[in-house]
Amino acid sequence: MNCPSSIEKATEFVRGAKQIIPAGAGTKHPKKDTLGTLDLSGLSGIIEYEPSEYIFSARAGTTITEINELLNKNGQYLPFDPPFINAGATLGGTIACGLSGPGRLRYGGIRDFLIGIRFLNGEGRIIQAGGKVVKNAAGYDYPKLFCGAMGTLGILLEATFKVFPAPRATRTLELTSKSKMAAIETLCNITLTQWEPDALEFYPEENKLLLRLAGNPDALDARLPKILQELGYCDAKILPDDEATIEWNALQEFHWTPRDAYILKAPITPKEIPELEQALSLNDVKRHYGLAGNVAWIATADTKALEEISTILDNLGLAAIKVRGNLERFIYGKTRSHKIHGALKEAIDPLGKFPVLQ
Amino acid sequence: MHFLEELAKTFPEDRLLIDKELLSPYESDGLTAFAVTPRAVLIPETQEEVVEIVRACVKHKVPFVSRGSGTSLSGAALPVETGIVIALNRLNRVIELDPERRIARVEPGVVNIDVTKAAQVHGLHFAPDPSSQIICTIGGNVAFNSGGAHCLKYGMTSNHVLGLKAVLATGEVVEFGNSSLEDTGPDYTGLFGGSEGMFGVALEIILRLLPKSETFHTILAGYNSLEKAGDAVSAIVASGILPGAIEIMDRLAIDAAEAAVDAGYPEEAKAVLIVELEGPQEQVESEKRELETIINASNPIEIQVAKDTTARLKIWKGRKSAFSAVGRLSPDFIVQDGVVPRKRLGEALRRIEQLGKKHGLRVANVFHAGDGNLHPLILYDGTIEGELERGENLAGEILEMCIEMGGSITGEHGVGMEKRSYMPKMFTNDDISFMKKTRTAFDPDGIANPGKMFPEGQAPALTLYGLHPLEKKGIISRE
Ligand SMILES: Cc1cc2nc3c(=O)[nH]c(=O)nc-3n(C[C@H](O)[C@H](O)[C@H](O)COP(=O)(O)OP(=O)(O)OC[C@H]3O[C@@H](n4cnc5c(N)ncnc54)[C@H](O)[C@@H]3O)c2cc1C
């Protein structure tokens, strides 16, 4: 496998190769030892960190763990809660998969915090886009385009992120309702409050919501009783900190899915959840709804079930992308195909070296 | 059939303007230094009509420039002589507003503030708030990825756009993104944001709405030097508080604001700092105490705390009126919106002052200190020989300074016509040629807003800078 230790070597590889499959740590799509595989985990390390600027730049192969350790020391954090951290996820892989976790609800997702990138295009040229300051409107916004591109548009070398001061405390409430519908209704009510929920996740099998609030400890403790009162219509309990940490960590690491399961990410809105739930509960698939009902995570270890899920999603007009599993196919459910998709891919990768998103 | 004849079949005379007098309001945008008379102005009323116009442009290879309210400050809405302007103000329907999904689906001609007005009944608002928000359109905001005073915490326009429908410069109608916070595949919505009208025309935009903050706490501190105000910003940032807005104004800007709106800013201060906390009551209460300690320790000569909404709005009124007010101090001015790393703000301001002295021009400063976004206002008198050129040179040197400090030539006003020659200073040839290739995918014939952003092409002659016509009437003011 090619695992370049420098940008020069990566460039050389891209220039010489006919087919390239970029790979990070392999936490989501296992690396294969094929000719075209370009393992970027060797290009790692933090390049620059300016706590006063709320930014850092790092090579794409840097693990999120390394980033988090550094940010932690300075009381800062990545507000979008990138998943698969303990599994070893890298920045590059997380950007390519466009992945954000529960915390995305409050301040935005990976697309909102990635402010600059350096990448290799299909011709092996290094392109930089965006910048290293938190506000910038010069040039086209490739950092956003690369979020979710699944490695089909180029090789990420470096990324600059905006970060925020970390909240000093969090409190987690577990809210259990009588039915799924009641839970979804509670979820919608909460999103319209002025509590500024930090995360709000829905466990359909238990009619359960997990609500996280973040802020100063005194402020949270003063607010909680009022919130509990307002939520009197469901069974609400405050989770002790250690228990809460385990719960959130389990979500971030997708512990609720079988280890070998494929995971699909389907953008959704709360209104569409009941129908999808009904359609999916017939099958033996695991589901979880994140971001106040804005994303459905669907997991199954069965390849055939994957096809069935795809049809179900398609019928409901929902699209999904495979964020864990093999590399053969990414897109499930409803597909949208415009000529511009192909034209853009060709403009960026004229020799067709990178995989096609399919 | 000829291009305009073909369109005349659909568009009556009052929506297909060709008379010189009728075209004149469209000759410039907010950067009045540039003026070009287009061949015609088309005023569509439906999305289908926009598609029809663009397809006719594709067929006849006629350039088109989309236009919202024409408040662009970088000349990006400047017409092309051989082309047409598509005026989108009549596409101003809020198609859908759904509190449950917290989204609004709007047409591009909807005015920014009207989204919040429509969302208010549900306790929601649209966060991006350029100071031109009572007049600029969502289409313009998207095309520029516009900002406002709350970018540090809430981001820019693109951070609040979930999806959009557009007719590209190939004639293809596309949909990117959806009503969810999440998306699949490359973020095409994000790429379209900030593309300055060079990819096509946005027809429908899905916006993310946020609940209005429960409470605000606004504090104004006066200092006897800009440096001290800058130090206070650093201390706030280091403390871990995340305010909704952090703004600074210098003496010249304060004087102008005082003369215009009598905001009651400290008389002796060389600089004022405005900090606004927002969020849940208890959190703001807790941060308020912390902020007070920081500000007290920063050696201010005066502190004003807004006791109620009226006092809060008064503080903001001074801030928001500052730009137009500065315009009163001088017949002409140039405004830049470069960005520097926050910790170098003090240095940047010192250098701007020196540059001003070198060129013999006054510069007023009003800026988004929280994100290092400068807004130097270069004052000059166009009737005095050589002052415009000196102003231009000074503006250029400020932009170069921003690049040298590791910042950006524009934080929110876009590149457009004005800053295109500075692009090569910020990006390499490879970067720019890559952007051009991307552009070609969207617009193979180069008909969508040609001549902007990239450094080639003939610039029309400069005339005088000055207030936007609507600013002169006092309808809008700028940040
Ligand atoms: C007094 C004043 C204050 C301002 N304050 C701020 C501020 O605080 N922050 C800030 O960021 N900006 C500010 N601006 C700049 C300006 O208001 C913004 O850039 C605004 O977003 C432009 O909107 P508009 O509707 O006027 O667009 P226009 O000026 O008409 O057009 C701007 C660009 O968008 C393109 N465009 C317009 N509609 C579409 C569409 N539907 N599809 C594709 N492209 C389109 C045009 O071709 C052009 O390139 C200010 C301007 C003024 C005059």
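Thr186(A) touches residues well outside its own stretch of chain. Beyond its neighbours within four places in sequence, Thr186(A) is in contact with Ser177(A), Leu209(A), Leu231(A), Tyr233(A) and Cys234(A). The model is a predicted one. Thr186(A) belongs to helix H7 of chain A, residues 180–191. Its relative accessible area is 2%, so Thr186(A) is buried.

After H7 comes a loop. Glu196(A) sits there, between H7 and strand S11 (199–203) of chain A. Glu196(A) is not a glycine, but its phi is positive, near 55°. Is Glu196(A) buried or exposed? At 18% relative accessibility, Glu196(A) counts as buried, because the cut-off is under 20%.

Asp81(A) also deserves a look. Its phi is positive, about 55°, and Asp81(A) is not a glycine. Asp81(A) lies in the loop that joins strand S5 (76–77) to helix H3 (91–97) of chain A. With a relative accessibility of 11%, Asp81(A) counts as buried.

Now turn to helix H8 of chain A, residues 217–230. What span should its 14 residues cover? At 1.5 Å a residue, the expected figure is 20 Å, and the end C-alpha atoms are 20 Å apart, so the two agree. H8(A) nevertheless has a kink of about 30° at Leu224(A). The proline Pro225(A) follows shortly after.

Leu224(A) is also one of the buried residues of H8(A); the others are Ala219(A), Leu220(A), Arg223(A) and Ile227(A). What do they pack against? In chain A, the partners are strand S10 (169–176), strand S12 (208–215) and strand S13 (235–239). Chain B contributes helix H10 (281–297).

Helix H10 of chain B also holds Arg289(B). Arg289(B) is partly exposed, with a relative accessible area of 47%. Arg289(B) and Ile84(B) are 205 residues apart in sequence. In space, their C-alpha atoms are 56 Å apart.

The last stop is the largest pocket. Its volume is about 920 Å³. Of its 38 lining residues, the closest to the centre are Ala319(A), Arg336(A), His341(A), Asp183(B) and Thr184(B). Which elements each supply at least two residues of the lining? In chain A, helix H12 (339–348) does. In chain B, strand S8 (161–168), strand S9 (173–177) and strand S10 (200–208) do. By residue type, the lining divides into 13 nonpolar, 14 polar and 11 charged.

Conventions:
Residues are numbered from 1 along each chain as its sequence is written. Chains are lettered from A and ligands numbered from 1 in the order in which they are written. This is a predicted model: local features need pLDDT of at least 70, side-chain atom pairs count only at pLDDT 80 or more; totals for chains, interfaces and linings use all residues. Side-chain values use heavy atoms; hydrogens and water are left out. On a 1 Å grid over the protein atoms alone, a cavity is a set of points where a 1.4 Å probe fits but cannot get out, and a pocket is an open set with protein on both sides within 12 Å along at least five of seven lines; lining residues have an atom within 4 Å of a point. Grid points are joined across faces, edges and corners, and a volume is the space filled by probe spheres set on the points. Helices (H or I, at least four residues) and strands (E, at least two) are DSSP runs, numbered from the N terminus. Ala, Val, Leu, Ile, Met, Phe, Trp, Tyr, Cys and Pro count as nonpolar, Asp, Glu, Lys and Arg as charged, and the others, Gly among them, as polar. The expected span of a helix is 1.5 Å times one less than its number of residues. The bend at a residue is the angle between axes fitted to the seven residues ending there and the seven starting there. Buried means under 20% relative accessible area, exposed over 50%, partly exposed in between (1.4 Å probe, protein chains only). Contact means heavy atoms within 4.5 Å.
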